[in-house]
Amino acid sequence: MTKIHAKFDGVGKSLPEKILTNADLEKMVDTTDEWITTRTGVKERRILSPGESINDHCVKAAKEAIEKSKCDPDEIDLIINCTFTSDYVLPSGACIIQDKLGFSRNVPAFDLAAACSGFMYGVETANSFLSTGNYRKILVIGADALSPFTNWKDRASCVLFGDGAGAAVLSGTEDPNEGVLSSDLGAAGKHNRILMVEGGGSAMHGTALMNDASLESKYYITMEGNTLFKIVTRIVADSVNRAIEKAGLTAAEIDFLVPHQANTRIIDFVAEKLGLPREKCAVTIHKYGNNSAASIPIALYDSLEEGKIKKGDKIVMTGFGGGLTYASLVVKWG
Ligand code: ACO
């Protein structure tokens with residue numbers, strides 16, 4: 001019997017209109033466009049305006065993905081919203097998104113937190129649900145609003161991040177010639193402290209900040225960038241290799257790479273390992289920065305719109321992020 005697995009039916013995206021350029025950042029912290037561009041590849045990023053909701057961007061991206069998939073919204077059986085920066089701690093963004101999409105059924109909906117690997121974890125979760133045959137179509141959203149959690153006084157991190165949402169409708173197929181061919185997921189939990197937002201959870205609730213203003217920086221992202229850089233280059237290259245091997249392929253057979261957009265130097269390193277030139281690799285970091293779980297679906301979306309991914313292409317999607325989570329998928333585009 002052929003195994004049921006996930007295939008992509010439609011992809012959508014939504015980004016805030018507000019653009020923050022490197023020139024803007026030069027006025028905020030001690031940095032230069034030259035440093036940011038050469039060290040990270042970011043030229044500008046999209047950030048939410050006051051009062052703007054990341055959940056609303058999820059809804060817009062989801063609507064586009066549903067429209068592109070040509071399915072009826074009521075065919076969706078499950079919503080997985082991959083994020084760690086939803087509008088509220090409670091309820092989950094997924095339930096609010098379900099309400100705003102106006103589904104007539106109470107389909108299950110939950111948030112999944114795996115930082116920048118979130119969308120990859122979400123697709124693999126959907127893949128497993130679909131493989132049971134009990135679910136036919138699943139909406140997976142990757143979205144993050146990092147700007148509210150960015151310390152705009154910390155030049156080492158504030159130049160990197162942005163906000164945005166991407167979404168995909170996945171359905172089950174038995175066709176071995178399309179969809180998810182293999183996956184490699186992992187979490188190097190021993191590195192959990194190198195990228196974190198310490199405040200705002202149950203260990204350091206908001207009232208702690210009210211009582212002690214010196215804790216303010218704990219409510220922002222802190223990152224040991226250089227350590228992270230060294231660890232992820234090795235971890236990501238190994239994860240990509242394992243996923244390709246599990247798919248029964250070699251690196252030479254991969255047509256296109258959709259990596260997490262954290263740093264062009266990391267993107268170039270992974271592309272080089274696969275022997276892929278830049279034009280065979282999705283790069284959006286210069287215009288959107290690192291928008292965490294949104295970065296891979298948005299990079300996938302732009303590559304499809306630009307005609308860079310063609311039917312039958314074997315693509316690798318790979319992500320890494322706080323946790324330290326990592327995930328790679330090999331997908332045959334149908
Ligand atoms: N402008 C100018 N100088 C700066 C800036 C800046 N914005 N930021 C740091 N510097 C300085 C540092 O102070 C340091 O100066 P010093 O040598 O006098 O001490 C120098 O530049 C080098 O600093 P490094 O931290 O060693 O720079 P590096 O080359 O490692 O680049 C960066 C930093 C871009 C953060 C890189 O380490 C990186 O991309 N790391 C990975 C980040 C990542 O992948 N995050 C992914 C997950 S995100 C998520 O999950 C939400």
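The paragraphs below walk through a predicted model, from its domains to its sheets, its helix packing and its nonpolar cores.

The domain assignment divides the protein chain into domain 1, spanning 5-176, and domain 2, spanning 180-332. The centres of these two domains, taken over C-alpha atoms, are separated by 13 Å, and the contact between them involves 50 residues of domain 1 and 46 residues of domain 2.

One place to start is the open sheet of five strands, whose order is 1-7-6-4-5 and whose pairing is mixed. Its edges are formed by strand 1 (5-14) and strand 5 (109-112), and because each of these has a single partner strand, one side of each is left without a neighbour in the sheet. On average, and with direction ignored, neighbouring strands of this sheet are turned by 20 degrees against each other. Helix 11, made of residues 295-305, packs on this sheet and touches strand 1, strand 6 (137-145) and strand 7, with a direction that makes about 85 degrees with that of strand 1. The edge strand 1 is held to strand 7 (residues 163-173) in the antiparallel sense by nine bridges, and within this pairing G10 has V169 of strand 7 as its bridge partner.

The other sheet to follow is an open one of four strands, again with mixed pairing, in the order 8-13-12-11. Here strand 8 (179-187) and strand 11 (256-259) are at the edges, and since each has a single partner strand, one side of each is left without a neighbour in the sheet. Neighbouring strands of this sheet are turned against each other by 15 degrees on average, direction ignored. Helix 8, residues 225-246, packs on this sheet, where it touches strand 8, strand 12 and strand 13 (325-332), and the direction of helix 8 makes about 35 degrees with that of strand 13.

The pairings can be read across the sheet from one edge to the other. Strand 8 pairs with strand 13 in the antiparallel sense over eight bridges, and S183 stands opposite L329 of strand 13. Strand 13 in turn runs antiparallel to strand 12, to which it is joined by eight bridges; I315 has V331 of strand 13 as its bridge partner, while T318 has S328. The hairpin of strand 12 and strand 13 has three residues between the strands, and in it G323 takes a positive phi near 145 degrees. At the far end of the order, strand 11 and strand 12 (residues 314-321) pair in the parallel sense over four bridges, with L257 bridged to V316 in strand 12 and P259 opposite T318 in strand 12.

How much of strand 12 and strand 13 is covered? In strand 12, eight of its eight residues are buried, with K314, V316, T318 and F320 on one side and I315, M317, G319 and G321 on the other. Eight of the eight residues of strand 13 are buried as well, and both faces are covered, one by way of T325, A327, L329 and V331 and the other by way of Y326, S328, V330 and K332.

Helix 8 also packs against another helix. The axes of helix 8 and helix 9 come within 10 Å of each other and cross at roughly 35 degrees, and the crossing is right-handed. On the side of helix 8, the residues that meet helix 9 are F229, V232, T233, V236, A237, V240 and I244, and on the side of helix 9 they are R265, I266, F269, V270, K273 and L274.

These elements come together again in the largest nonpolar core, which has 41 residues and in which I244, L257 and L324 have the most contacts. Two or more residues are given to this core by each of helix 8, helix 9 (264-274), strand 12 and strand 13, and helix 8 gives the most, with eight residues. The core draws at least three residues from each of domain 1 (5-176) and domain 2 (180-332). For I244, once its neighbours within four places in sequence are left aside, the residues in contact are L249, T250, A251, I254, L274, V316 and V330. Apart from the largest core lies another, of 33 residues, which includes V11, L130, I296 and I315.

Methods. Residues numbered from 1 in each chain as written. Predicted model: local features only at pLDDT ≥ 70, side-chain atom pairs only at ≥ 80, totals over all residues. Heavy atoms only, no water. Pairing = 2+ DSSP bridges. Axes fitted to C-alpha atoms, helices over the stretch in contact; angles between N-to-C directions. Contact = heavy atoms within 4.5 Å. Core = buried A, V, L, I, M, F, W, Y, C linked by side-chain atoms within 4.5 Å. Buried < 20%, exposed > 50% of the residue type's maximum accessible area, 1.4 Å probe, protein only. Domains from an automatic or database assignment. Left-handed = near helix turned anticlockwise from the far one by under 90°.
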